[in-house]
Structure formats: structure tokens, C-alpha cells
Amino acid sequence: MQFEPREQFEQRQKKLEQIEALGYEPFPREFRWTDTPLALVEKYGEKSAGELEAEKLEVRVAGRLVSLRLMGKAGFAHLQGSGKRIQIHVKKDVVGERGFSLFQLLDLGDLIGVRGHLFRTKTNELTIRVDELSFLSKSLLPLPEKWHGLTDVEMRYRQRYLDLIANDHSRQVFVARAQIIKELRRFFDERGYIEVETPMMHPIPGGAAARPFITHHNTLEIDLYLRIAPELYLKRLTIGGFDRVYEINRNFRNEGISTQHNPEFTMLEFYEAYSNYRDLMELNEELFALLAMSITGSTLVKYGEHELDFAKMQRLTMREAIVKYWPREAGQAPTEAELAAPGGPRAITERYNGWAKANGAPYAASKGTVKDGEWTGLLFETMAEDRLIQPTILYDFPTDISPLSKQKPEDPTLTERFEIYIAGMEVANGFSELNDPAEQERRFQAQIAQGGEEVPKALDVDYIRALCHGMPPTAGEGIGIDRLTMLLTDSQSIRDVILFPLLRPEARQDSASGAGGA
RNA sequence: AGGGGCGUAGCUCAGUGGUAGAGCAGCGGCCUUUUAAGCCGAAGGUCGUGGGUUCGAUCCCCACCGCCCCUACCA
């Protein structure tokens with residue numbers, strides 16, 4: 001076991017031995033505390049020096065040493081815990097010879113506990129006069145620099161614990177993430193939903209279009225796929241009588257990595273029997289406003305250069321969005337009727353691409369797609385998606401790109417499906433669930449016939465059989481928790497809201513590989 | 001995968017074709033109300049890795065590794 005900086009590592013190990021020689025346990029088992037640093041600041045932050053003197057309250061607090069100013073026979077330091085710091089004052093004539101020897105052997109980063117009482121210094125800072133010092137754990141490696149903190153992005157991701165110690169903002173983001181998930185649970189629990197867990201390893205990966213990760217089960221001697229969506233299992237549960245279910249957990253998609261994509265990401269999926277997609281739209285408006293309010297304190301949320309208004313959501317059909325965001329420079333915008341006509345979307349895409357390619361604008365890459373609905377989806381993505389900054393419900397998706405959604409009764413080329421776009425990101429996807437087993441089988445077969453890496457290779461016969469047992473009319477939706485967290489914490493990269501985002505494993509260059517005995 | 005940028009002390013960063021500096025942290029010394037503590041002293045680097053050009057490379061060129069951004073794939 002040997003890590004850089006070697007010299008400091010060895011010095012600190014020696015200090016640990018000296019601490020042990022003083023009679024302190026090097027790795028004690030517990031510390032009984034009365035308050036966290038945060039609790040002290042909250043409880044006594046307003047009390048005057050006189051009030052504190054009169055009460056002479058004894059407190060016991062544990063934390064990490066994050067600043068240290070030693071002056072001969074006394075010293076000040078800050079203990080960090082619960083995201084806050086509290087100053088301590090250690091005097092030799094109070095803690096005694098042994099206690100002060102310990103204090104002198106401490107390094108920034110060490111974990112200690114103190115017993116003492118509160119007072120205010122000359123500069124009026126709330127401080128603990130330490131009567132007794134407890135050694136709790138040694139930091140053998142130095143903390144990042146105290147003033148600039150840790151800014152190296154790579155180290156912030158790889159060694160997130162350092163980021164969390166050094167950067168309070170980072171800690172706040174993950175606290176907010178936890179609150180978001182808690183609020184989501186509360187929201188759905190209150191509405192009679194039951195939380196479930198469905199398999200992460202699927203024999204047939206379904207419920208979305210994505211390339212899966214492959215793994216293997218030894219005893220069964222079968223390949224399994226890390227799930228790309230829980231959808232098909234959750235719908236089996238609505239068949240089983242769980243009329244309102246949700247699951248919050250990871251999905252895995254073997255795709256690229258970007259500021260908006262991590263190979264494993266967290267989704268909330270929920271299903272509500274006897275409702276349709278319009279009901280979900282209303283539920284979403286309520287949910288997003290409530291979340292914004294409870295996490296940020298307002299329905300107006302700063303995100304980068306934008307101020308997002310979660311109090312209202314614009315609603316647009318996909319065709320309306322194409323008409324609305326059609327670039328003026330590309331000539332006359334198509335009409336919705338043209339987009340609805342057979343062959344229309346393809347002709348319109350070709351017209352648009354002609355202009356886009358001549359003018360260096362993004363164009364709709366066809367990659368072998370042929371159906372009208374696919375052209376429509378491409379057109380939307382090309383010209384409208386990243387312009388949907390304010391929360392927008394985009395609805396009425398083409399059937400061609402919505403294999404699990406129920407068709408609109410008046411227009412079978414469209415489905416009762418919507419997605420929510422905020423800051424140009426897709427954050428939710430919901431629809432009236434297709435529960436006609438024959439139609440579902442047709443759509444699956446069509447997918448398989450079309451082929452492609454993102455499409456299941458085999459028909460999920462059990463799912464079709466489940467539908468044959470009768471699924472109630474149901475509306476279901478998935479919400480991307482990582483992206484939602486980005487929006488509510490003003491984070492520009494998904495890696496800033498995932499504690500340990502996937503990075504390429506670092507090549508071991510130092511001797512740390514010899515740490516096998518740890 | 002393609003394009004652009006970055007990689008110098010443990011951390012945050014300067015810098016130059018003649019083998020490197022600052023602040024903080026660390027080490028030694030002084031200091032019992034300091035707070036980015038101060039003062040004095042000493043130490044710390046195969047300048048991401050490997051080639052090449054050159055009398056000489058941390059700097060110029062090439063390749064590789066890692067990270068970031070954009071594009072592509074995708075939610």
C-alpha cells in the first residue's frame with residue numbers, strides 16, 4: 001500500500017503510530033455525539049456570546065478537520081460534518097499534555113470528535129472550547145487545496161469523495177437529487193401507487209429501442225441482457241392487478257457518452273390503469289411544478305442562461321412543432337395536412353434537406369428509414385427538439401416510431417404518446433399503453449422484420465401471452481431522473497448529477513496495484 | 001467514431017529551444033482568541049507516455065494514453 005504523495009503518506013503513517021503511542025486507539029469504533037456541525041449552526045447561530053456563556057452548553061461533535069491554525073500552546077481548527085463547519089479552540093491548559101500532543105499530531109483531513117462548550121471568539125465566530133479531544137480516524141493522504149478546492153474535473157468524477165469534501169456545491173447537488181427521489185416517491189405513494197422492483201437482467205431486452213449490454217448466467221448457461229427499460233414487466237403487473245405501480249431504478253443502454261447520456265441512468269417509470277395519456281399530461285404539470293417548488297423554492301428555475309417556468313407547460317403536437325420551428329430561410333413551412341399526407345413527410349424532409357445541405361444546417365439523416373412516421377420524427381429532432389427550452393409537452397407521435405403506444409381512434413397513423421422537453425432535453429416519455437395483443441404482436445413482428453441493432457431479435461411471447469389475459473386501459477410514463485436533476489440543480493452535464501459516472505478505467509502507473517492486502 | 005482543447009510539485013496555476021517557478025498543503029523553528037493566520041528556514045518535479053528533429057526538448061514534430069467540449073448514436 002503506497003500512494004502519492006509518498007512522503008506525506010509516510011509522515012502521516014508515522015504520526016498515526018505516535019498517536020497510538022500516546023494511548024489513543026488508531027481506529028476507534030464509535031463516537032457518541034450530541035450534535036452535528038449543521039445542528040449547532042442552526043441551533044446556536046443566533047445566540048449571543050453572553051447567552052452562550054450563561055448556558056455553558058456541553059456538546060459532543062464529530063467531523064473532518066478542514067482547517068488548522070496552531071499557535072504554540074493553543075490552536076484553532078474547523079471541523080466539517082453534515083455539510084457544515086464549526087470552529088474549535090484547543091488550549092493546552094484545558095485539554096492537558098496528552099490531549100495537546102494529539103492535537104499537534106493531527107493533519108488536515110483527520111477525523112476527530114470533540115467534547116466542549118460553545119462560546120464566541122473576538123470576531124464573534126461560534127466556536128467550541130474543547131475540553132476533550134477524541135481521535136477517530138487518520139487521513140493518510142492530503143486533502144485538495146483549501147482555497148481553490150478541487151477543480152480538476154476528472155478527479156472530481158473519479159474520486160468523488162474528494163469532490164464531496166472539497167466542494168459544497170457538489171454535495172448540495174446530490175442532496176437535491178435525494179430530495180427529488182424522495183418527493184417523487186411521496187407524490188406517487190400519496191396517489192395509491194405501489195413501488196416495485198422488476199428484473200434488471202432480461203432474456204429479451206424490450207420496452208425501448210436501444211443496444212443492450214450482454215451478460216451471462218453460468219448455471220443456466222444463457223446470455224442475459226441488462227435491461228434497457230422496465231416497461232414490459234411493469235405492464236405485466238398492471239395485468240396482475242397492480243393498477244398503479246412505479247419503479248425507480250437503473251436502465252442500461254450500450255450507447256455513447258455525452259453531457260446528456262450515461263450508459264447507466266435512472267428512470268422513474270409508472271403505470272396507471274384506467275387512465276389515458278391526457279390524464280398523464282395533467283399529472284405531469286402538477287408534478288413538475290411541485291418538484292420545482294420543493295427543490296428550488298420556486299417554479300421559476302434558473303438553468304444556464306435560461307429561466308425555466310415549471311408552472312405551465314406548452315403543448316404542441318409533433319406536427320405543430322415542425323410547422324412552428326421550420327426555419328423561415330428554408331422556404332415555406334409545410335402544413336399539418338402535408339405532414340399527414342401519405343409520402344408527405346418524406347417529400348418535406350427532402351425539401352428541407354436540400355436547403356439544409358446547401359446552407360450547412362443540420363439535416364435529417366435517413367439511415368435507411370423509409371416510413372412516413374420515421375421521417376416525421378427525424379424532422380422534429382432536426383429542427384425543433386433543441387429549441388424546446390421552456391417545459392413543453394410534445395404529443396401525438398407517429399405510430400411508426402411508437403411500437404408500444406395505442407393509436408388515436410381518429411387517426412391510426414398517430415399514437416396517444418407524448419414526451420416532455422425541457423432545455424432541449426427529452427426528460428419524459430408517456431403514452432396510452434397498447435393493450436391489444438394482436439396489434440402488439442404485429443408491431444413487434446414488424447420491428448423484428450425491419451431488424452437493426454436496437455431492436456429485439458426475438459418476439460417476447462410471454463408479454464403477448466400476458467396481454468392476452470387482459471390489460472386494463474393504462475397510461476404509462478418514464479421520467480429521466482438524471483436529467484430532471486440536472487434541470488433542478490442547474491447542472492450542465494449528466495456527470496455532475498451521477499456520483500460515479502462511467503469513465504474509462506485509469507491505467508495504474510503508481511505502485512498502488514500492490515495494495516492487494518488492504 | 002470524426003473535429004477542437006487540455007495534461008508542469010499532493011492541490012490551484014505561472015513559464016521558457018539551454019533539463020523549471022509561485023501560492024496553498026507538507027517538514028523544522030517562534031507564537032494561548034486565530035480565521036485564505038503570520039514570520040524565519042529547509043525540502044519537494046523522469047514538465048502524461050513513447051519516439052523524432054536538434055549540439056541540446058518541458059517547449060517544435062509524430063504516435064499513444066487520459067479528461068473536457070462539439071458532432072454522430074441515444075433518453
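Student: In which sense do strand β8 and strand β9 pair, and over how many bridges?

Tutor: In this predicted model, β8 (residues 214-217) and β9 (residues 222-226) pair in the antiparallel sense, over four bridges. One of the partnerships joins His217 to Ile222 in β9.

Student: What should I look at in the hairpin of β8 and β9?

Tutor: Look at the residues between the strands and at their phi angles. Four residues lie between β8 and β9, and Glu221 takes a positive phi near 55 degrees.

Student: In what order do the strands of the open sheet with β7, β8 and β9 run?

Tutor: The order is β7-β9-β8, three strands with antiparallel pairing. β7 (201-202) and β8 stand at the edges; each has a single partner strand, so one side of each is left without a neighbour in the sheet.

Student: How do side chains lie in a regular strand?

Tutor: They alternate between the two faces of the sheet. For a single residue in a strand, take Ser134, which lies in β5 (residues 126-137).

Student: Is Ser134 buried or exposed?

Tutor: A residue counts as buried under 20% relative accessible area. Ser134 is buried because its relative accessible area is 18%. Leaving aside neighbours within four places in sequence, Ser134 is in contact with Phe31, Leu102, Ile112 and Gly113.

Student: And for a loop residue, where is Pro263 found?

Tutor: Pro263 is in the loop between β10 (244-252) and β11 (264-273). With a relative accessible area of 7%, Pro263 is buried. Beyond four places in sequence, the contacts of Pro263 are Phe213, Asn251, Phe252, Arg253, Ile257 and Leu502. The C-alpha atom of Pro263 is 9.8 Å from that of Arg250, which is 13 residues away along the chain.

Student: What share of chain A counts as buried?

Tutor: Of its 518 residues, 48% count as buried. Chain A exposes about 25,500 Å², and carbon and sulfur atoms supply 51% of that area.

Student: How many helices and strands are there in chain A?

Tutor: Chain A has 16 helices and 19 strands. Its C-alpha atoms fill a box of roughly 90 × 55 × 55 Å along the principal axes. To see how contacts relate to the sequence, take those between residues at least 6 apart: 67% of them join residues at least 24 apart.

Student: Which residues come nearest to RNA strand B?

Tutor: There are 51 residues around RNA strand B, and Lys15, Thr123, Lys146, His261 and Arg504 come nearest. On the RNA side, sugar and phosphate account for 62% of the atoms of strand B that come within 4 Å of the protein.

Student: Which atoms of RNA strand B do the side chains of Gln11, Thr121 and Arg495 approach?

Tutor: Sort such pairs by the part of the nucleotide involved. For Gln11, a side-chain N or O atom is 2.4 Å from a sugar or linking oxygen of strand B. For Thr121, a polar side-chain atom lies 2.8 Å from a base oxygen. For Arg495, an N or O atom of the side chain is 3.0 Å from a phosphate oxygen.

Student: Which elements give two or more residues to the surface near RNA strand B?

Tutor: They are α1 (6-21), β1 (58-71), β2 (74-81), β3 (84-91) and α5 (153-158). α5 gives the most, with four residues.

Student: How do the residues of the surface near RNA strand B divide by type?

Tutor: They divide into 22 charged, 15 polar and 14 nonpolar residues.

Note on methods: Residues numbered from 1 in each chain as written. Chains lettered and ligands numbered in written order. Predicted model: local features only at pLDDT ≥ 70, side-chain atom pairs only at ≥ 80, totals over all residues. Heavy atoms only, no water. Near = heavy atom within 4 Å. Polar contact = N/O pair within 3.5 Å; in protein donor to acceptor, adjacent residues only side chain to side chain. Nonpolar A, V, L, I, M, F, W, Y, C, P; charged D, E, K, R; others polar. Buried < 20%, exposed > 50% of the residue type's maximum accessible area, 1.4 Å probe, protein only. Contact = heavy atoms within 4.5 Å. Areas by Shrake-Rupley, 256 points an atom, 1.4 Å probe, with all protein chains shown as cover. Pairing = 2+ DSSP bridges.
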